[in-house]
Every structure is written in C-alpha cells, then in structure tokens.
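Work through the exercises below with the structure open. Each one sets a task and then solves it in steps.

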Amino acid sequence: MLSALLVLLTAVPSGAGSGPGDGPGDGRSGRGDRGGGDPVAVDPSGRDGHCPVARRGREPHHRTGGPWTAPTRGYWLSAGYAAKGDHWAHRHTGQDFAVPTDTPVYSVGPGTVQATTCGDGFGNQVVVRHPGGVYTQYAHLSRIDVRRGDRVFPGTRLGLSGATGNVTGPHLHFEVRRTPYLGSSVPPLPWLRKKDVRLGG
C-alpha cells in the first residue's frame with residue numbers, strides 16, 4: 001500500500017501553472033515501455049462518460065490546405081519546451097499556445113485518437129497517434145469534440161481551449177511524444193517546422 005502511494009505521489013505533477021508540471025521528466029528518459037493502464041492520465045477520473053464531450057451531431061472536421069497545420073489559431077507562444085519555473089515539477093515538456101477560452105483546437109496532422117481523458121493536472125485532454133508512431137497531446141481543453149478511435153486529419157477540430165487542470169489561465173498545452181506516455185516528449189516547435197508548419201508568436 002505504501003509503495004503504491006509513493007509511486008502515485010511521484011507521478012503527480014506539483015504546482016499550478018501553465019501546464020501541470022506539464023509532464024514530469026525532460027523527455028529523455030521516457031516511460032514508453034510501461035505496460036497497461038491509461039497512457040496519459042495520472043487520475044483519469046470521469047473519463048467514462050463524464051468528461052465534457054460534444055454531442056455527435058457536431059461536425060468536428062475542418063480540413064486545411066496543407067498536410068500539417070498549427071494546433072490552434074490567433075495565439076501567441078507562451079511557455080516553451082524545457083522552460084524552467086515554479087509552475088512545473090521538472091522542466092516544461094511541451095509548448096503553450098496562449099489563446100482565449102473556447103478557441104478551436106485542431107489536430108496537427110492525420111492520425112487516430114489514442115485517448116481522451118480528464119481529471120488530472122492536464123485537465124481535459126486528447127492524445128492523437130500519427131503515422132510512424134508519433135503522438136501529439138492537446139491539454140487543458142474546455143470541451144472535447146472527438147472520441148477514442150476516431151480518425152482525424154490536419155485541421156480536424158479536437159475540442160476547445162480552456163483552463164482545466166493545473167493552470168493559471170486559458171491556453172493550449174501542446175506536446176509531441178515518441179510514445180503515448182508522459183516522459184517521452186520531444187521539442188514540439190522544431191518538429192512542427194520540419195512538417196512545414198508556419199508558426200507565429
């Protein structure tokens with residue numbers, strides 16, 4: 001019992017901020033070999049029907065002209081990858097896109113929704129698996145517009161930005177991972193630029 005509690009405590013990000021410890025670890029010592037369990041959420045309470053998911057009548061698809069796209073519009077780049085600060089248990093593991101609440105959030109490329117969860121420091125989040133086994137995470141959403149197993153395309157609306165989880169204000173936390181698990185992140189802006197995605201801010 002005590003050992004299980006210690007494992008849980010070391011997994012939970014500390015502090016509030018623009019991304020809940022936005023992932024413990026610096027991405028170099030990932031947990032990609034972890035077996036079983038939920039791939040993204042520390043405490044996925046409410047993921048069985050209680051997360052704010054849009055009704056199926058809403059059409060989330062909005063394709064862009066190119067094969068890859070930015071995860072949102074009208075943003076400015078705030079906390080960057082590997083940033084230090086009191087908001088995170090370790091270094092920041094993604095890129096924050098500062099946008100008002102309820103700004104549409106899009107899949108950056110083609111793939112399949114790997115997970116949609118809520119209830120931990122990332123708040124409402126979506127993880128997408130792309131061809132080649134790369135994963136992208138979209139966190140702190142106010143609403144989720146897709147479900148696990150959905151096929152998505154560049155510009156598919158995944159949800160709306162928000163301030164759920166451990167945050168100090170509304171924004172999108174965007175992360176690129178080698179696996180669906182925390183701790184396997186890579187710098188997201190260079191990755192997007194290699195996909196010919198033009199980024200402002």
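**Exercise 1. Place Asp196, state whether it is buried or exposed, and describe its phi.**

Solution. Asp196 lies in the segment after helix 2; helices (H or I, at least four residues) and strands (E, at least two) are DSSP runs, numbered from the N terminus. The model is a predicted one, in which local features need pLDDT of at least 70 and side-chain atom pairs count only at pLDDT 80 or more, while totals for chains, interfaces and linings use all residues. Residues are numbered from 1 along each chain as its sequence is written, and side-chain values use heavy atoms, with hydrogens and water left out.

Next, take the accessibility. Asp196 counts as exposed because its relative accessibility is 69%; buried means under 20% relative accessible area, exposed over 50%, and partly exposed in between (1.4 Å probe, protein chains only). Last, the backbone: phi of Asp196 is positive, about 65°, although the residue is not a glycine. Most residues other than glycine have a negative phi.

**Exercise 2. Do the same for Asp102.**

Solution. Asp102 sits in the loop between strand 2 (95–98) and strand 3 (104–106). Its relative accessibility is 44%, so Asp102 counts as partly exposed. The phi of Asp102 is positive, near 70°, and the residue is not a glycine.

**Exercise 3. Find the pairing partners of strand 4.**

Solution. Start with strand 4 itself (residues 111–117), where five of seven residues are buried. Strand 5 (residues 124–130) runs antiparallel to strand 4 and is joined to it by five bridges; two strands pair if DSSP finds at least two bridges between them. Within strand 5, Val128 stands opposite Val113. Six residues lie between the two strands of this hairpin, and Gly119 has a positive phi near 105°.

Then turn to strand 7 (residues 151–152), which pairs with strand 4 in the antiparallel sense over two bridges. Here Val152 is the bridge partner of Gly111.

**Exercise 4. Which residues touch the most other members of the largest nonpolar core?**

Solution. The core has 27 residues, and those touching the most other members are Val126, Tyr138 and Phe174. A nonpolar core is a set of buried Ala, Val, Leu, Ile, Met, Phe, Trp, Tyr and Cys residues joined through side-chain atoms within 4.5 Å. Strand 5, strand 6 (134–144), strand 9 (172–177) and helix 2 (188–194) each give two or more residues to this core.

Now list contacts of Phe174 (heavy atoms within 4.5 Å). Leaving aside residues up to four places away in sequence, Phe174 touches, among others, Pro71, Phe97, Val108, Tyr138 and Leu192.

Technical notes. Contact = heavy atoms within 4.5 Å.
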